[in-house]
Amino acid sequence: LTSPPMQRTRPPLQSWDIFCRVIDNYGDAGVCWRLARQLVRVHGKSVRLWIDQPATLRALCPTLVTDAARQQQEGITVCHWPAQFPATTAADVVIEAFACDLPPPYLQAMAARSTPPCWLNLEYLSAEPWIADCHGLASPHPSLPLTKYFFFPGFTASSGGLLRENTAAATATAANSTGQPPSLNLFCYANAPVAALLNALGNTSWRINVSPGQPRQALGSHFGGDGPWQHGHHHINALPFLAPDAYDALLRQGTVNIVRGEDSFVRAQLAGRPFLWHIYPQADNAHLDKLTAFLDLYTADLAAELAHIVRAIFLAWNTPVTAAHLAACWHDFHAALPALAAHARCWQAHCQQLPELSAALVDFCQRLPSGHPGLTA
């Protein structure tokens, strides 16, 4: 791996292909869909989104036809990525989302171009310090005249930044309606200690909005039926699946947002509200290193006691603990919500100052040398 030579020699790169394999339920598709929309709406690019499970994308784009090989949605050409990949011309920029591995016929089409495309592996978001040294590094293909560059989203100026919409609505923080009980938006994986959390909420009345899929299944298994449910003082509402813009608006209204994966994790931070992150579990607890790295950044400006409270509830939500321990952590977290709400707004402002991911991608590609990447000085 080497750092690329950077100079403004390329003509505008208009055509973009994004390849997405669905691994993490809606997370991978959500990131790719938001990125495609930004490239079209903000940067005026021509974008094809190749996705192996179009049915997953339909939850994010309700007008999508799941059995169509190719279709237009919101200015994006959505293509089914089949096992037998069709002959096609490679785009000016090729984004391999989350190391999904491009189909061999498409690699050959890339190599056949007179000017090789900009080829990037868009990595998973991470707060780990090592990404600063790997962001933008080049990896030449072993046999083809192609070079892939690694692009890391992140929480520092030395990363690729965060994917965000540049609208007033996206940066606004909404307060709960006067006189209404606090609201908790719940989006988690199947292993979340949902029952223990409900019991930990105590006598405060909460409006709990439960996302479909695994969160709602967990509630259905606990209470029976499809909701809504009543649990003590708490009213639990079973949400329909919300399109990205509607989900973002829901998070901006939440007193506390519990989110999972990557896409909703970023949206919760941009909402400027206190939140808990249910990180995707990995073998050997590798996900806990990523969680700790994020907490190191997120709590860096907090007083020691508040930082301890935040770390305790995040870890209790993501590791096997007793119901009593989770309840104690929630009690401290709940008592600290006014201070943590102020901190969430400060962190939101920090996120808004970071590079915007789609703009950073466009700029990175334009600054790569023309010709064969890695061979041009």
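Biologist: In this predicted model, which residue of β12 is the bridge partner of I208?

Modeller: Strand β10 covers residues 207-210 and strand β12 covers residues 234-238; four bridges join the two, which run parallel. I208 has its bridge partner in β12, and that partner is I236.

Biologist: What is the strand order of the open sheet, and which strands are its edges?

Modeller: The sheet is open, has six strands with mixed pairing, and follows the order β11-β12-β10-β9-β13-β14. Neighbouring strands are turned by 15° against each other on average, direction ignored. An edge strand pairs on one side only, and this applies to β11 (229-231) and β14 (275-278).

Biologist: What angle does the direction of helix α12 make with that of β14?

Modeller: Two helices may be considered here. Helix α11 (residues 304-318) packs on the sheet, touching β9 (183-186), β13 (256-260) and β14, and its direction makes about 35° with that of β14. Helix α12 (residues 323-335) also packs on the sheet and touches β9, β13 and β14. For α12, the angle with the direction of β14 is about 145°.

Biologist: Which helix gives the most to the largest nonpolar core?

Modeller: The largest nonpolar core has 65 residues, and those with the most contacts inside it include L186, F275, F314 and W330. Leaving aside neighbours within four places in sequence, F275 is in contact with residues including V259, F265, F294, F314 and F333. Apart from this core lies another, of 40 residues, among them I76, C118, A138 and A360. The helix that gives the most to the core of 65 residues, with nine residues, is α11.

Biologist: Why are α9 and α13 described as roughly perpendicular?

Modeller: Helix α9 (residues 263-271) and helix α13 (residues 337-353) pack with their axes 7 Å apart. The contact is made by Q269, L270 and A271 of α9 and W347, Q348, C351 and Q352 of α13; by class it has four nonpolar, three polar and no charged residues. Angles of 65 to 115 degrees count as roughly perpendicular. The description therefore applies to α9 and α13, whose packing angle is about 115°.

Biologist: How many nonpolar residues are in the contact of α10 with α13?

Modeller: The axes of helix α10 (residues 286-298) and α13 come within 12 Å and cross at roughly 95°, and the two helices are therefore roughly perpendicular to each other. F294, L297 and Y298 of α10 meet H343, A344 and W347 of α13. By class, this contact has no charged residues and one polar residue, and its nonpolar residues number five.

Biologist: Where does P228 lie, and which residue is joined to P228 by a cis peptide bond?

Modeller: P228 lies in the loop between α7 (214-223) and β11. The peptide bond in question is cis, with omega about 0°, and the residue it joins to P228 is G227.

Biologist: Is E74 partly exposed or exposed?

Modeller: E74 is in the loop between β3 (70-73) and β4 (76-80), and has a positive phi of about 55° although it is not a glycine. Exposed means over 50% relative accessible area and buried means under 20%. At 39% relative accessibility, E74 therefore counts as partly exposed.

Biologist: Is D101 buried or exposed?

Modeller: D101 is found in the loop between β5 (93-97) and α3 (104-112). Its phi is near 70°, a positive value in a residue other than glycine. With a relative accessible area of 52%, D101 is exposed.

Methods: Residues numbered from 1 in each chain as written. Predicted model: local features only at pLDDT ≥ 70, side-chain atom pairs only at ≥ 80, totals over all residues. Heavy atoms only, no water. Axes fitted to C-alpha atoms, helices over the stretch in contact; angles between N-to-C directions. Parallel < 35°, antiparallel > 145°, perpendicular 65-115°, else oblique. Contact = heavy atoms within 4.5 Å. Nonpolar A, V, L, I, M, F, W, Y, C, P; charged D, E, K, R; others polar. Pairing = 2+ DSSP bridges. Core = buried A, V, L, I, M, F, W, Y, C linked by side-chain atoms within 4.5 Å. Buried < 20%, exposed > 50% of the residue type's maximum accessible area, 1.4 Å probe, protein only.
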